[in-house]
Structures are given as C-alpha cells and as structure tokens.
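Here are three short exercises to work through with the model on your screen. Have a go at each one before you read its solution.

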Amino acid sequence: MKHPEEKRKKFLSFLEKYKDAKLVVTSHSNFDLDALCSCIAVKSVLPNGVVACPDKMDAPAKAFAEKLGLRVEKLGKLDKGEFEGLVSVDCATSVLLEEAKGWDIRLIVDHHHKSENALSAEFMIVDEDAPSTAEIFGELLPEVSEEVAFALGVAIISDTARFKSARAHTFEMLAKMIRISGKEYSEMLEDAEPELDMENKLTVLEAFKNMRIQMHGGYAVVTSVVPAHESLVSSSLSEFADIAFVAKWKDEVKESRVSSRARKHVPFMMNEIMKEAAEELGGGGGGHAKAAGCSSKARPGETLDKCIEVLIRKINEV
Ligand SMILES: [Mn+2]
C-alpha cells in the first residue's frame, strides 16, 4: 500500500470505529524505540487504549518510557475479556508476537517485509518502503502533539540507524516532527542513542572477544553466541564486519534467537537468509534486507552454522 491518502483513509476508518474502544496497543518482542513510539502514537488517538509489551524493552526504549512516565503493561497479564481487541504496530508476524494468539487484531501498522507467519487484522496498513513505523505514523495521525512529535522523531532517528536507511521523506518527516515538538534535533538524538550502560557495553565487548571470523565470497562474516542482547551485539559487530550473525539460547521457550545484520554494500537479503535457515530448523524468520532475525529449535551453534550454510548458498547462486 503506497498511497499516503489511501493509508490515511484506512486509519481514519479504523479511528471512526474504534476511537473510544478499550484496545491494547502492542508490538514485537523486545520493544525497540520504533515499537514503543509507534505505541505512543496510537495511544494518543485512543484515549482508552492500554500500552502493553509482550516481554521486555531494549535499553533505549526502557529509558525513554521511563523518561515519559509511560505505563507499559505486560501483554500476557492482561485479561482478553476486558478488551475489545488488539492493535499491533511495527510487527505483523506471530514469530515476534506469539502473545497475539487469541486476540482479535483490529489494526496493524508495520513496515516489515511480509513473513510466513503473518498476522492479519481488520485494518492493515503496511508500507515496506517506510524505513520506520514512526514515519508512517507521522502521516497517519490526524493531529500530532508536541510529545508525540518528539517521540516519533526519536524513533525515526533510531530505527533508520541514524539515517542509514532513510529516504527524502524521512528527512521531511523528521524536520516536521522537530518543528512540532519545539525541541532540538540534539535532544532527540540523545534519547535515540543513549549511552550504553556498563552491562551492555561489557556484553558487546565480550561478544567481540568470543566471535568467529570467516571469509565467504569476499565478505567478512562473523558469528557469536551471547547470553543476551543479540540485536545490540549484531548491530555493533556490523560496524566492522560485512555480515554478522549473533545467537542466544532462550531457555523459557527452548529456542535459539538469531539477530543478523549486513552492511549496505552486501547484496544478499538477510530476511531471506533468516527465513530459509529457520525453516530448515523448525523456526521462523524475517525482517529487513540489512537487519533480520530468526528463531530455531536447534542450539545456537548449530543455528549459526545453518545461517552460514544458507549464506554460502546465496553467494554461490550469484
Ligand atoms: Mn521498526
């Protein structure tokens, strides 16, 4: 769905029907700033909406929610009977939102590539060309308050990895959000990229120490197994490596989780590699061309080997 008018019309029809409804507003596992700020955007037009996350938030999202004094419930603890349904933003796959099971999904607003385990909703607004869901909300909202504009600006900066995946429209939207918020770009940047706390810094540094370095098809490919923070680690490693795969074991669900990143000159679609690797290991995968993830029933080491195997297959296809 490309036309801004069409998207806006759909969003307004959703609002007309559900504006006063008690809906839960949620997003993918491990909320990032795009997830959180998109929730804030929806909540701003749903006075009876309740923001909830399926598990936890990453460090920047957590810090920002605390700064705003935003109450974020746990999705699994909410009583479905008390709500008229669910809104999912920045997520349209059950792989990253298993807790959506059993909920009536009224609205989905997302910018990810369609994945196998796609969720469907009464109102679907998906724009794969948008580099962040926040950017979509900049267009959708009939009115943007100072606070919401600030949040959307923060999410735009964060989700584009400070404009790596931006397009002209991103800068127009950010300029507009800065103007409405009455704040400076530097203030948004501070919340978009907060200083890592010591635990996170050490996790990244340990992952650098424990990584395996390989060369495939002229690309420096690294893998690492970490106890946590796999997406932070994979994005940190890909500051240097062409391709990074970082896995952790999630004991609660007896699954490996992999986060992958590729630098912009890498021609392979990481979301496809993640999907194929996961399918061979009884999991699901997807995401973006340069940033993707998957789950797998195999242990982290075996899962990483599979990711490399699929990558080599892609290299040989070219
Ligand atoms: Mn996003």
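**Exercise 1.** Keep in mind that this is a predicted model. Which glycine follows helix 10, and what is the sign of its phi?

*Solution.* Go to the end of helix 10, and you'll meet Gly282 after it. Its phi is positive, near 70°.

Now look at helix 10 itself, residues 270-280. Its buried residues are Met270, Asn271, Ile273, Met274, Lys275, Ala277 and Ala278. What covers them? Strand 10 (255-262), strand 11 (285-287), strand 12 (291-296) and helix 11 (300-317) are among the covering elements.

**Exercise 2.** Work out how helix 2 (residues 33-43) runs relative to helix 5.

*Solution.* Start with the axes: they come within 8 Å and cross at roughly 155°. Angles over 145 degrees count as roughly antiparallel, so helix 2 is roughly antiparallel to helix 5. The crossing is left-handed.

Next, find who touches whom. Helix 2 brings Leu33, Asp34, Cys37, Ser38, Ile40 and Ala41, while helix 5 brings Val148, Ala151, Leu152, Val154, Ala155, Ser158 and Asp159. Sort them by class and you get nine nonpolar, two polar and two charged residues.

**Exercise 3.** Describe how helix 5 (residues 146-159) packs with helix 7 (residues 185-192).

*Solution.* Here the angle is about 65°, and the axes lie 8 Å apart. Helix 5 passes helix 7 in a right-handed crossing. On the helix 5 side, pick out Phe150, Gly153, Val154, Ile157 and Ser158; on the helix 7 side, Met188, Leu189, Asp191 and Ala192. The tally for this contact is six nonpolar, two polar and one charged.

Note on methods. Residues are numbered from 1 along each chain as its sequence is written. This is a predicted model: local features need pLDDT of at least 70, side-chain atom pairs count only at pLDDT 80 or more; totals for chains, interfaces and linings use all residues. Axes are lines fitted to C-alpha atoms, for helices over the stretch in contact, and angles run from 0 to 180 degrees between N-to-C directions. Helices (H or I, at least four residues) and strands (E, at least two) are DSSP runs, numbered from the N terminus. A crossing is left-handed if the near helix is turned anticlockwise from the far one by less than a right angle, and right-handed if clockwise. Two residues are in contact if their C-beta atoms, placed from the backbone, lie within 7 Å. Ala, Val, Leu, Ile, Met, Phe, Trp, Tyr, Cys and Pro count as nonpolar, Asp, Glu, Lys and Arg as charged, and the others, Gly among them, as polar. Angles under 35 degrees count as roughly parallel, over 145 as roughly antiparallel, 65 to 115 as roughly perpendicular and the rest as oblique. A residue is buried if 20 or more other C-beta atoms lie within 10 Å of its own, exposed if 12 or fewer, and partly exposed in between; C-beta atoms are placed from the backbone.
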